[in-house]
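User: I am new to reading protein models. Please take me through this one feature by feature.

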Amino acid sequence: MANRLVEVQHLRKSYGEHVAIDDVSLHIDEGETLALLGPNGAGKSTTIEILEGYRVRSGGEVRVLGEDPQHAGIAWRAALGIVLQSSGEASVATVREELRGLAALYPDARAVDEVLAVVGLEEHAGRRIASLSGGQQRRVDVAMGIVGRPRLLFLDEPTTGFDAEARRGFWALIRSLQTDGTTILLTTHYLEEAAQLADRIVVIADRRVAAEGTPATIGGADARVPIVRWREGDAVREQRTREPGALVASLAARLGEPEALEVVRPSLEDVYLDIVRTDRGMVAA
Ligand SMILES: Nc1ncnc2c1ncn2[C@@H]1O[C@H](COP(=O)(O)OP(=O)(O)OP(=O)(O)O)[C@@H](O)[C@H]1O
């Protein structure tokens, strides 16, 4: 049976009168990457920071690496890698100095040069962190999260501010950590990122888990039914069908070459938006 590194049951957190999360249950098995998705303010950072031991929960059960984060000690913390949503003040130390200092605190740290190469910061190793661009500073955050060779890595919106090429590079980095067996909890607003990296996805909306599944199955089979779209006179027509080929053939028989014909398979982003809108009681577009 898979080794469960994270187990959350009926988690609840309120800030005074305001209930931020009401009933969140999820788990992560060793070696898995779980993406936690949800609209702004849904409670993703709150959930992650409770798992990291930075916030005190109001109710429910939480086990991370077998311990309750509220009472876990320094050895437990050394097994975690944490990339917070914002890193706060940028250090005046150089990238290499900062990583060396941090690596010295861990029992089995990665070599600093290896980490610099992996996050693509070799050429900037001698620069002060405060002088780097936003995307480069984010890579430093990721480097600091992985230098201790964590068993469990928390990535809270890690690629915000990355350009498209840097984001692809980051995905390659995460894949290499996955190959090494690192277990990862990721939050992101980039649905393509979740589709690329996650083994499983949990969507939080309206303070609860609204959906759970793999990138290919979340939202149910009906959410993936292809849409055939074409123009007929002035009107754009569309029809959802499990047999798009047959529909296209019948359109071609009736109309000749149909204008503006396309067959669209809903992306994870389409499915996610349906889940979130349905949860808010809105009619899915
Ligand atoms: N320290 C705090 N005090 C009061 N309310 C808070 C605090 N931290 C978060 N909240 C509230 O709790 C809710 C959940 O916030 P959280 O930051 O966990 O959401 P999120 O899903 O991470 O959002 P985003 O995608 O915007 O980062 C929000 O309504 C937020 O305003």
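Analyst: Start with the contacts in the chain between residues at least 6 apart in sequence: 65% of them join residues at least 24 apart. The model is a predicted one.

User: What share of the 285 residues in the chain is buried?

Analyst: To read burial, count the other C-beta atoms within 10 Å of a residue's own; 20 or more makes the residue buried, and 12 or fewer makes it exposed. Buried residues make up 32% of the chain. The C-alpha atoms fill a box of roughly 70 × 45 × 40 Å along the principal axes, and the secondary structure comes to nine helices and 12 strands.

User: Please apply the burial count to single residues. Is Ile174 buried or exposed?

Analyst: Ile174 has 23 C-beta neighbours inside 10 Å, so it counts as buried. Ile174 lies in helix α6, residues 164-179. Leaving out residues up to four places away in sequence, Ile174 touches Ile184 and Leu197. Between Ile174 and Ala211 there are 24 Å in space, C-alpha to C-alpha, and 37 residues in sequence.

User: How many other C-beta atoms lie within 10 Å of Tyr106?

Analyst: The count for Tyr106 is 15, and because a count between the two limits means partly exposed, Tyr106 is placed in that class. Tyr106 sits in the loop between α3 (95-103) and α4 (112-118). Not counting residues up to four places away in sequence, Tyr106 touches Ala78, Gly148 and Arg149. Tyr106 and Arg168 are 62 residues apart in sequence, and their C-alpha atoms are 29 Å apart in space.

User: Now a whole helix. How many of the eight residues of α1 are buried?

Analyst: For a helix, make the count residue by residue. In α1, six of the eight residues are buried, so this helix is largely enclosed by the rest of the structure. The buried residues of α1 are Lys44, Thr46, Thr47, Ile48, Ile50 and Leu51. Following α1 is Gly53, with a positive phi near 85 degrees.

User: How many buried residues are there among the 12 residues of α8?

Analyst: The count is zero, and α8 is hardly covered. Helix α8 (residues 244-255) also lets you check length: at 1.5 Å a residue, its 12 residues should span 16 Å, and its end C-alpha atoms are 16 Å apart, which agrees. Gly256 follows α8 and has a positive phi, near 75 degrees.

User: How do I read a pair of strands? Which way do β10 and β11 run?

Analyst: For the general idea, the side chains of a regular strand alternate between the two faces of the sheet. In this structure, strand β10 (residues 227-232) is joined to β11 by six bridges, and the two run antiparallel. Across the pair, Glu232 stands opposite Ala235 in β11. The two strands form a hairpin with two residues between them, and Gly233 in the turn has a positive phi of about 65 degrees. Strand β11 (residues 235-240) is hardly covered, with zero buried residues among its six.

User: Which residues surround the ligand?

Analyst: To read a binding shell, list its residues, then sort them by element and by type. The ligand is surrounded by Tyr15, His18, Ala20, Gly38, Asn40, Gly41, Ala42, Gly43, Lys44, Ser45, Thr46 and Gln85. At least two residues each come from β2 (18-29) and α1 (44-51). The largest share of the shell, three residues, is from α1. By type, the shell divides into three nonpolar, eight polar and one charged.

User: Into which domains is the chain divided?

Analyst: A domain may be made of separate stretches of the chain, as in domain 1 (30-46 + 74-213); domain 2 is 221-279. The C-alpha centres of the two domains lie 37 Å apart. In the contact between them, 10 residues of domain 1 meet six residues of domain 2.

User: Which elements give two or more residues to the side of domain 1 that touches domain 2?

Analyst: They are α7 (191-197), β8 (200-205) and β9 (208-213). The largest share of that side, three residues, comes from α7. The residues of that side divide into nine nonpolar, no polar and one charged.

Definitions and conventions. Residues are numbered from 1 along each chain as its sequence is written. This is a predicted model: local features need pLDDT of at least 70, side-chain atom pairs count only at pLDDT 80 or more; totals for chains, interfaces and linings use all residues. A residue is near a molecule or strand if its C-beta atom, placed from the backbone, lies within 6 Å of it. Helices (H or I, at least four residues) and strands (E, at least two) are DSSP runs, numbered from the N terminus. Ala, Val, Leu, Ile, Met, Phe, Trp, Tyr, Cys and Pro count as nonpolar, Asp, Glu, Lys and Arg as charged, and the others, Gly among them, as polar. Two strands pair if DSSP finds at least two bridges between them. Domain bounds come from an automatic or database domain assignment. Two residues are in contact if their C-beta atoms, placed from the backbone, lie within 7 Å. The expected span of a helix is 1.5 Å times one less than its number of residues.
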